[in-house]
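Q: I'd like to get better at reading how helices pack. Could you walk me through it on a real case?

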Amino acid sequence: MPKIVIAGNWKMYKTQSEAKAFFSEFPAHLKATASQAAIADQQILICVPYTNLAILQTLVPSLGQNNLSIGAQNVHWAENGAFTGEISAPMLVELGIKYVIIGHSERRQFFGETDETVNKRLKSAQAHGLTPILCVGESKQQRDANETESWIFSQLAADLVDVDQNNLIIAYEPIWAIGTGDTCEATEANRVIGLIRSKLSNRDITIQYGGSVKSDNIDEIMAQPEINGVLVGGASLDPAGFARIVNYR
Ligand SMILES: O=C[C@H](O)COP(=O)(O)O
């Protein structure tokens, strides 16, 4: 059975003091909304800006929530070098980070990320023991042109060359559903994720849905058999709202 991974992606939100304020409230909200037994088998993950990684790696162990981890939002493929503005896998590993998002559509759209660089980042992350969350998904234009499947299959084929499917999470994020409030129907997300799974050699991979996930649609999304978690942007910024998402039922 794939592990359930409920992840937040803070994107470029929260200063250190704002991040600390979030974690001063989040554990209480988690305890108030469900029993620990109900969420014990889940991985809870929050991928934060680089500037928050070190301080949260120090703070989170003191919260008594053993299934809560902090992750990064990108990683370069080189161990080090003249790559201004980038962060390497050894830098994340030294902080004790275990998860990193790779190939988010905002990286592909705004920062020139290609399938080739996504593939290099995935391999470097895995070589250093990190678990990558690979993001794939189609644009509105591609969906309207009935190219959803062919596009995602081409992303998977290129991104996963020589990538270890035993240490990988995939997030299906239709671009048109990100930050728009226009959630993909849960049954449609389930269908596409089933198709993604059919292309993998390891069928037990955790495959998440991402795109306008909120506390009021999480229950329906997580009720779908192919969906093993969510990657949540905007709604992960609020401690009460994200606790409710973690405690889906
Ligand atoms: O990584 C998260 C996704 O981009 C979803 O963002 P959103 O929940 O704000 O739509």
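A: Sure. Let's start with one pair: α1 and α11 are oblique to each other, because their angle falls outside the parallel, antiparallel and perpendicular ranges. Keep in mind that this is a predicted model.

Q: What do I look at to describe a packed pair in general, and at what angle do the axes of α1 and α11 cross?
A: The general idea is that two packed helices are described by the angle between their axes and the distance between the axes. Here, helix α1 (residues 16–33) and helix α11 (residues 239–246) cross at roughly 40 degrees, and their axes come within 8 Å. As for handedness, α1 passes α11 in a right-handed crossing.

Q: Which residues of α1 and α11 make the contact?
A: On the α1 side, look for F22, E25, F26, H29, L30 and T33. Facing them from α11 are P239, A240, A243, R244 and V246. Sorted by class, the contact of α1 with α11 has 7 nonpolar, 2 polar and 2 charged residues.

Q: Let's try another pair. How do α6 and α8 pack?
A: Same recipe: angle and distance between the axes. Helix α6 (residues 115–127) and helix α8 (residues 148–159) pack at an angle of about 50 degrees, with axes 8 Å apart. That angle is why α6 and α8 count as oblique. The crossing of α6 over α8 is right-handed. From α6, the contact takes in D115, V118, N119 and L122, while α8 brings Q155, A158 and D159. Those residues divide into 3 nonpolar, 2 polar and 2 charged.

Q: And α8 with α9: what is the angle there, and which residues meet?
A: Helix α9 covers residues 186–198, and its axis and that of α8 come within 11 Å, crossing at roughly 40 degrees. So α8 is oblique to α9. Once again you'll find a right-handed crossing, with α8 passing α9. T148, E149, I152 and L156 in α8 meet V192, L195 and I196 in α9. The residues of this contact split into 5 nonpolar, 1 polar and 1 charged.

Q: Turning to the ligand, which residues come nearest?
A: Of the 14 residues around the ligand, look first at N9, I178, G210, G233 and G234, which come nearest. The shell as a whole holds 5 nonpolar, 8 polar and 1 charged residues.

Q: What does the protein chain average in pLDDT, and what are the ipTM and pTM?
A: Generally, where pLDDT is low, the predicted coordinates should not be read in detail. In this model the protein chain averages a pLDDT of 96, and 100% of the residues score at least 70. The ipTM is 0.99 and the pTM is 0.97.

Technical notes. Residues are numbered from 1 along each chain as its sequence is written. This is a predicted model: local features need pLDDT of at least 70, side-chain atom pairs count only at pLDDT 80 or more; totals for chains, interfaces and linings use all residues. Axes are lines fitted to C-alpha atoms, for helices over the stretch in contact, and angles run from 0 to 180 degrees between N-to-C directions. Helices (H or I, at least four residues) and strands (E, at least two) are DSSP runs, numbered from the N terminus. Angles under 35 degrees count as roughly parallel, over 145 as roughly antiparallel, 65 to 115 as roughly perpendicular and the rest as oblique. A crossing is left-handed if the near helix is turned anticlockwise from the far one by less than a right angle, and right-handed if clockwise. Two residues are in contact if their C-beta atoms, placed from the backbone, lie within 7 Å. Ala, Val, Leu, Ile, Met, Phe, Trp, Tyr, Cys and Pro count as nonpolar, Asp, Glu, Lys and Arg as charged, and the others, Gly among them, as polar. A residue is near a molecule or strand if its C-beta atom, placed from the backbone, lies within 6 Å of it. pLDDT is the predictor's confidence in each residue, from 0 to 100.
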